[in-house]
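Please open the model in a viewer and set it to show both protein and nucleic acid. The tour below proceeds by selection, one stop after another.

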Number of protein chains: 2
Amino acid sequence: MAERTSSADLRRLILDTTRHLLVEKGYADLSMRKIAKAIGYSATSIYLHFENKDALFHALIEEGMERLLAELKQAEAAHPGDPVARLEALCQAYVHFGLENPEYYEIMLLLHPAHMARYPADKFRRARRNLDVIEAALIDGVNQGVMQATNTRVSTSVIWAALHGAVSLLNAKRVDIRIAHKDLIAETVRHTLRGCCPSLER
Amino acid sequence: MAERTSSADLRRLILDTTRHLLVEKGYADLSMRKIAKAIGYSATSIYLHFENKDALFHALIEEGMERLLAELKQAEAAHPGDPVARLEALCQAYVHFGLENPEYYEIMLLLHPAHMARYPADKFRRARRNLDVIEAALIDGVNQGVMQATNTRVSTSVIWAALHGAVSLLNAKRVDIRIAHKDLIAETVRHTLRGCCPSLER
DNA sequence: CGTCGTTACTTAACGCCGTTAACAAGACCA
DNA sequence: TGGTCTTGTTAACGGCGTTAAGTAACGACG
């Protein structure tokens, strides 16, 4: 069992090491050569497992999307009956993920479109499953008459945009330092819910 | 009068050329050497006018902030009496600026924090003046009883985050292609207003 | 046993990058 | 006239992503 690192193991090692370096040193500091040095191989070895640097990051993005989806599903499962409470939990889960995994979040959502050119379309579609969870809550809410939306697809993206804006501004430290993170988050969620639930009085 | 390009002129030429290259080729394609080639000087000449690449971009950021502020001020002046209409116009102006100047917007708000480390604090403060225009509308609205906000500073950032999220997702082409830009924008503005103006029925 | 192809990995190199050091030519001024 | 400041240059450093070429170990097969 305790054989030498096999091919698949090395791929796994590259991914794990890259993720750790990403969290510790940040995206800007990451290079193929540094990853290679960290795992004790030459830089060109990485190219045996990933077509190029973008492909390596795409694999990490996919993992990040899966993690996010898992957290959203968990929030969803906690409020099966109440779409408003569910939407609120989803908003909290999204923001929480973004703030707790800033480096993950950066490559997942801030990586420049130029790096995404080679990103396969089917993975883009899988990433959209995260939004489906939010839209499902919206649809439930509309059907139960507690939410209003002329187009749930559009409203879902609007909600996503609001959450993404808050996360990315906070992570980039662009928000007025006199504002506590939790206040901005709480108010963002409140705004978001108020935007969908006309009857809400909070 | 038609002398050789003076020192200040070359600085201006560098800034203008960089801005044009930025719009034409994008941020990722930009290098000191390419800028130098475009203006017909050696790369090291740029360092006579800007401490480094970041400083050059900081100067562009400042110009962009001034342009954005001018557009916001214009929207503000168009609705002196009605804070709700003013806030709506401000939201539209912000989004419009972001979508019409994607490369400007990128360096202004998407440039990685690492590049901003040397960004002087006073310029950060000047950048915040853009938000002051929004907050002024909020304060007016609250005073007139047509808006509600427990903390206008927090609410201002929440609004900003929602607008920024929409702009950056649209510019990054991350929004579902079946959603028209103008629909997302309209719904974002509507959500934003509904979040602040409890009496609004639209 | 020997050879052959495959796999896993290396070193060397290419052409970029931001940035610095060293130097040259003209302007200005004592 | 001579010295210094300004404005520009070329050459170089170390780093980057990536590719080309080579090597060493290994399993299969005659």
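Select A:Met32 together with DNA strand D: in this predicted model, a polar backbone atom of A:Met32 is 2.9 Å from a phosphate oxygen of the strand. A polar contact here is a pair of N or O atoms within 3.5 Å; within protein, one must be able to donate a hydrogen and the other to accept it, and residues adjacent in sequence count only if both atoms are side-chain atoms. Now move to chain B and select B:Ser42, where an N or O atom of the side chain is 2.4 Å from a phosphate oxygen of DNA strand D. For B:Ser45 the corresponding distance, again from a side-chain N or O atom to a phosphate oxygen of DNA strand D, is 2.3 Å. Two or more residues each are given to the surface near this strand by α2 (32-39) of chain A and by α1 (7-25) and α3 (43-46) of chain B. The largest share, three residues, comes from α2(A). Helices (H or I, at least four residues) and strands (E, at least two) are DSSP runs, numbered from the N terminus.

Next, display everything near DNA strand D, that is, each residue with a heavy atom within 4 Å of it. The selection holds 19 residues, and A:Arg33, A:Thr44, A:Lys53, B:Ser42 and B:Ser45 are the closest. Six of the residues are nonpolar, eight polar and five charged; Ala, Val, Leu, Ile, Met, Phe, Trp, Tyr, Cys and Pro count as nonpolar, Asp, Glu, Lys and Arg as charged, and the others, Gly among them, as polar. Of the strand's atoms within 4 Å of the protein, 49% belong to sugar or phosphate and the rest to bases.

Continue to helix α4 of chain B, residues 53-78. At its start, a side-chain oxygen of B:Asn52 comes within 3.2 Å of the backbone nitrogen of B:Asp54. The end C-alpha atoms of α4(B) are 38 Å apart, in agreement with the 38 Å expected for 26 residues at 1.5 Å a residue (the expected span being 1.5 Å times one less than the number of residues).

Then select B:Ser155, in helix α10 (residues 152-171) of chain B. Is B:Ser155 buried or exposed? Its relative accessibility is 1%, so B:Ser155 counts as buried (buried means under 20% relative accessible area, exposed over 50%, partly exposed in between, with a 1.4 Å probe and protein chains only). Leaving aside residues up to four places away in sequence, B:Ser155 touches A:Glu187, A:His191, B:Leu138 and B:Ala149, a contact being heavy atoms within 4.5 Å.

For a contrast in accessibility, go to A:Lys173, in the loop between α10 (152-171) and α11 (181-196) of chain A. A:Lys173 is exposed at 67% relative accessibility, and its phi is near 55°, a positive value in a residue other than glycine. Most residues other than glycine have a negative phi.

Finally, colour chain A as a whole. Chain A has 11 helices and zero strands, and 52% of its 202 residues are buried. Its C-alpha trace spans about 60 × 40 × 35 Å along the principal axes.

A note on conventions: residues are numbered from 1 along each chain as its sequence is written, while chains are lettered from A and ligands numbered from 1 in the order in which they are written. In this predicted model, local features need pLDDT of at least 70, side-chain atom pairs count only at pLDDT 80 or more, and totals for chains, interfaces and linings use all residues, with side-chain values based on heavy atoms and hydrogens and water left out.
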